[in-house]
Amino acid sequence: MSIRFYNTITRQKEAFQPLETGKVKMYTCGPTVYDYAHIGNYRTFIFEDLLRRYLEFRGFDVNQAMNLTDVDDNTIRRSRERDISLTELTDEFKAAFHADLKTLNMQAAQNYPEATNFIPQMINMISDLETKGYTYTTPDGSVFFNIGKYEQYGKLANLNPDEMLSGGRVADDSYEKEGARDFALWKGYKAEDGDVQWESPWGKGRPGWHIECSVMSTELLGPHFDIHCGGVDNIFPHHENELAQSVCATGADFVNYWLHSEYLLVDNKKMSKSLNNFYTLRDLLDQDYPAEAIRWMLITTHYRQKLNFSVSRLEEAQKAVNRLREFYSKLKAYDGSGEEDAEDQIRVADEQFTSAMDDDLNISGGLAAIFELVRWGNRSMVEGRLSATGANDLIILIRKFDHVLGVLDMESGLNVEIDADFIESKIADRNEARANKDFTTSDAIRDELVALGVELIDTPEGTKWKMK
Ligand code: AMP
Ligand code: ZN
């Protein structure tokens, strides 16, 4: 049996076949770092975490890149509103995002590219598109992609040809399907951009949002990779435009499988900053909802179904996590010496879990298999039938399932003990990473500490710290 995923571009489930045997390259559109991400955003990121973890469970070696959008219309507008530099604004929310990822026990991606570190490569890709005849320039020094030059434009979002207005232009990063038009690759400098500007062959300006992801994905994963994910609102215009740019610039196929997760809703409306109906992770932790309940709530509804947020769902989620944790603790403490091993039950649970999850991550089926096993295991412990080997094998299986679910070892909130020992040990880890030239890890540790209010000062005598 092979894994099957629903591919947005073909609108059907397809057998998953990676480009390279045993390896998966996936690109997941990350947050725009102008504010705290809300738990709607985290629904999408946790779906991607579940996908990544499941691929690993099935033996694939996954190489994931998740970008951070640190220059776009929203970040510039917010930094001007707050009267701080773009970097000051985005540094704050980059750190908060990395801290949230840890709180929600998401596995770290191999790379977290930040758009402002790839501006020369973006200029190169736009120049490439220009040389190949896909673009035109406007008098304000902006460069637009001419959608009329790319026959396949609209295929991903299934656009009706009448909705496409080649020759019309849209300069904003976000717009609706009805507004499908030529879009901005490079935006000529405007006074509202303040000091956010880079030199380019078209004069000073900044990149459009879509070219950022085309470039970062190509740089880190190559021009053709396996999986590209995001929320359904990314299908149009963001991913449609990425696809057009990348295919036209590189000539490669870009992406084989497009996976998109549905919205988290509040009172049946999309949770969003613009509707002001959102909760951040911190809001919920402050109200004493543990991180594991939030994680569980977000992963246990199938990713292509809408999910209505409610407090009762969080409470249900907590009960389910507790049931699994209690089972696990009981297994570890089990000192019975029954005769029954758990071989048959383990085989069945493993097969049922795997065949459900293989079917486009059918999480309900997967959980049904796990909780059936939990019921059986609890009964056989109470009745003293389970053997010590059986208990041990069950422990191993539950840990294997938890590689996918990721809830057994979670801290219950952001409030990691920040005592001196904890900070010193983090600094030691960071020093080790720096000595190994693993700057992704050392930066991530610094960000984690910053988010906890710890400032690091690197001096010739070593790293000192103080609370901010
Ligand atoms: P943004 O920071 O706005 O670029 O969004 C980051 C990610 O969150 C994108 O992949 C969006 O599709 C996703 N997203 C935004 N709102 C929701 C929501 N209410 N439910 C699920 N995903 C969302
Ligand atoms: Zn993106």
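This report describes a sheet, a helix that crosses the sheet, and several salt bridges in a predicted model.

## The sheet

Start with the strands. Four of them form an open sheet. Their order is β4-β3-β10-β11, and the pairing is parallel. Two strands stand at the edges: β4, residues 61-66, and β11, residues 254-261. Each has a single partner strand, so one side of each is left without a neighbour in the sheet. Neighbouring strands here are not perfectly aligned: on average they are turned by 25° against each other, direction ignored.

Now look at one pair. Strand β10 covers residues 224-231. Seven bridges join β10 to β11, and the two run parallel. Find G230, and you will see H260 of β11 opposite.

## The helix across the sheet

Helix α1 spans residues 39-57. This helix lies across β3 (23-28), β4, β10 and β11. Its direction makes an angle of about 145° with β10.

Helix α1 also holds a salt bridge of its own. R53 pairs with D49, and their closest N and O atoms are 3.0 Å apart. The two residues are four apart in helix α1, so about one helical turn separates them. Are R53 and D49 buried or exposed? Both are buried.

## Salt bridges elsewhere

How many salt bridges does the model contain? The count comes to 31. One of them joins the side chains of D128 and K132, at 3.7 Å from N to O. D128 has a relative accessibility of 33%, so D128 counts as partly exposed. K132 has a relative accessible area of 44% and is partly exposed too.

Another salt bridge links D350 with K400. Here the closest N and O atoms are 2.9 Å apart. D350 lies in helix α10, residues 343-358. K400 lies in helix α12, residues 388-405. The pair therefore ties together parts that are 50 residues apart in sequence. Burial differs between the partners. D350 is buried, because its relative accessibility of 18% is under the 20% cut-off. K400, at 35% relative accessible area, is partly exposed.

## A shared network

Some salt bridges share partners. Which residues do they join into one network? The members are D73, D173, K187, D193 and R206.

Note on methods:
Residues numbered from 1 in each chain as written. Chains lettered and ligands numbered in written order. Predicted model: local features only at pLDDT ≥ 70, side-chain atom pairs only at ≥ 80, totals over all residues. Heavy atoms only, no water. Pairing = 2+ DSSP bridges. Axes fitted to C-alpha atoms, helices over the stretch in contact; angles between N-to-C directions. Contact = heavy atoms within 4.5 Å. Salt bridge = Lys/Arg side-chain N within 4 Å of Asp/Glu carboxyl O. Buried < 20%, exposed > 50% of the residue type's maximum accessible area, 1.4 Å probe, protein only.
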